[in-house]
Amino acid sequence: MLGLDIGSVRVGVAISDPSGSVAVPRTVLDAKRLFDDPSELKAIVEDEGVGLLVVGLPVTMAGEEGPQADRARSAGDALGAALGVPVEYFDERLTSAEASAAMRSGGVKTRDQRGRIDAAAAALMLQAYLDSRKARRSDGK
């Protein structure tokens with residue numbers, strides 16, 4: 001699975017291991033270039049054998065979808081269609097803040113986080129998605 005944290009400038013990309021247990025940051029792509037030509041992401045999808053895109057959905061703290069969520073859905077749908085891969089959406093609330101805090105605690109200065117934080121946020125979102133799938137399976141749902 002490939003996790004995407006879609007922003008207006010950058011798109012963070014994370015990937016799961018084949019068993020769907022662990023997510024790791026993969027890369028950061030330029031958003032404008034990606035939506036003009038998704039070939040770079042297509043190469044990742046093909047090289048890694050990706051069968052599902054998990055797109056982070058920016059919802060409000062109250063759990064409601066607003067204009068940013070609409071843009072994420074539209075972008076995710078377009079990428080899924082261009083890549084021929086199904087898309088699921090998952091709540092990404094606070095993943096960028098969590099990624100930034102984790103990087104700071106690891107000694108990465110705020111100014112050095114630019115770009116890398118997007119892939120880290122994508123990995124956090126994808127890991128939460130993987131964990132929720134595992135929990136649903138163990139509950140028999």
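# Exercises on a predicted model

K42 and E46 form a salt bridge, their closest N and O atoms lying 3.6 Å apart. The structure is a predicted model. The exercises start from this pair.

**Exercise 1. Place K42 and E46 in the fold, and say how exposed each one is.**

Step 1. Find the element. Both residues lie in helix α2.

Step 2. Count along the helix. K42 and E46 are 4 residues apart, about one turn. An α-helix has 3.6 residues a turn, so residues three or four places apart point the same way.

Step 3. Check the surface. K42 has 31% relative accessibility and counts as partly exposed. E46 reaches 54%, so it is exposed; the cut-off for exposed is over 50%.

**Exercise 2. Find how D36 and K32 are linked, and explain their spacing.**

Step 1. Look at the side chains. D36 and K32 meet in a salt bridge, with 3.0 Å from N to O. Side chains of opposite charge can pair when their charged atoms come close.

Step 2. Locate the pair. Both residues belong to helix α1 (residues 31–36). They are 4 residues apart, so about one helical turn separates them.

Step 3. Judge accessibility. D36 is exposed at 56%. K32 is exposed too, at 60%.

**Exercise 3. Work out which parts of the chain the salt bridge between E48 and R26 links.**

Step 1. Take the distance. The closest N and O atoms of E48 and R26 are 3.3 Å apart.

Step 2. Name the elements. E48 sits in helix α2 (residues 39–48), and R26 in strand β3 (residues 23–30). With their positions 22 residues apart, the pair links distant parts of the chain.

Step 3. Compare with the cut-offs. E48 has 41% relative accessibility, so it is partly exposed. R26, at 35%, is partly exposed as well.

Step 4. Set the pair in context. The whole structure holds 5 salt bridges.

**Exercise 4. Describe the sheet: its strand order, its edges and its twist.**

Step 1. Read the order. The 5 strands run β3-β2-β1-β4-β5 in an open sheet with mixed pairing.

Step 2. Find the edges. β3 and β5 (87–91) each pair on one side only.

Step 3. Take the angle. Neighbouring strands are turned by 25° against each other on average, direction ignored.

Step 4. Look at one pairing. β1 and β4 run parallel and are joined by 3 bridges. L2 stands opposite L53 in β4.

Step 5. Add a helix. α3 lies across β1, β4 and β5, at about 170° to β4.

**Exercise 5. Identify the residues that touch the most other members of the largest nonpolar core.**

Step 1. Name them. The core has 19 residues, and L2, L4, L41 and L53 touch the most other members.

Step 2. List the suppliers. β1 (2–6), β2 (10–16), α1, α2, β4 (53–57) and α3 (67–83) each give two or more residues to this core.

Step 3. Follow L41. Setting aside neighbours within four places in sequence, L41 is in contact with L2, L4, V13, L29, L34, L79 and L83.

Step 4. Look beyond. Another core, of 12 residues, lies apart from this one. Among its members are M1, F90, A123 and L130.

**Exercise 6. Test whether the span of helix α6 agrees with its number of residues.**

Step 1. Work from the count. At 1.5 Å a residue, the 23 residues of α6 (residues 116–138) should span 33 Å.

Step 2. Compare. The end C-alpha atoms are 33 Å apart, so the two values agree.

Step 3. Check burial. The buried residues of α6 include I117, D118, M125, Y129 and S132.

Definitions and conventions:
Residues are numbered from 1 along each chain as its sequence is written. This is a predicted model: local features need pLDDT of at least 70, side-chain atom pairs count only at pLDDT 80 or more; totals for chains, interfaces and linings use all residues. Side-chain values use heavy atoms; hydrogens and water are left out. A salt bridge is a side-chain nitrogen of Lys or Arg within 4 Å of a carboxyl oxygen of Asp or Glu. Buried means under 20% relative accessible area, exposed over 50%, partly exposed in between (1.4 Å probe, protein chains only). A nonpolar core is a set of buried Ala, Val, Leu, Ile, Met, Phe, Trp, Tyr and Cys residues joined through side-chain atoms within 4.5 Å. Contact means heavy atoms within 4.5 Å. Two strands pair if DSSP finds at least two bridges between them. Axes are lines fitted to C-alpha atoms, for helices over the stretch in contact, and angles run from 0 to 180 degrees between N-to-C directions. The expected span of a helix is 1.5 Å times one less than its number of residues.
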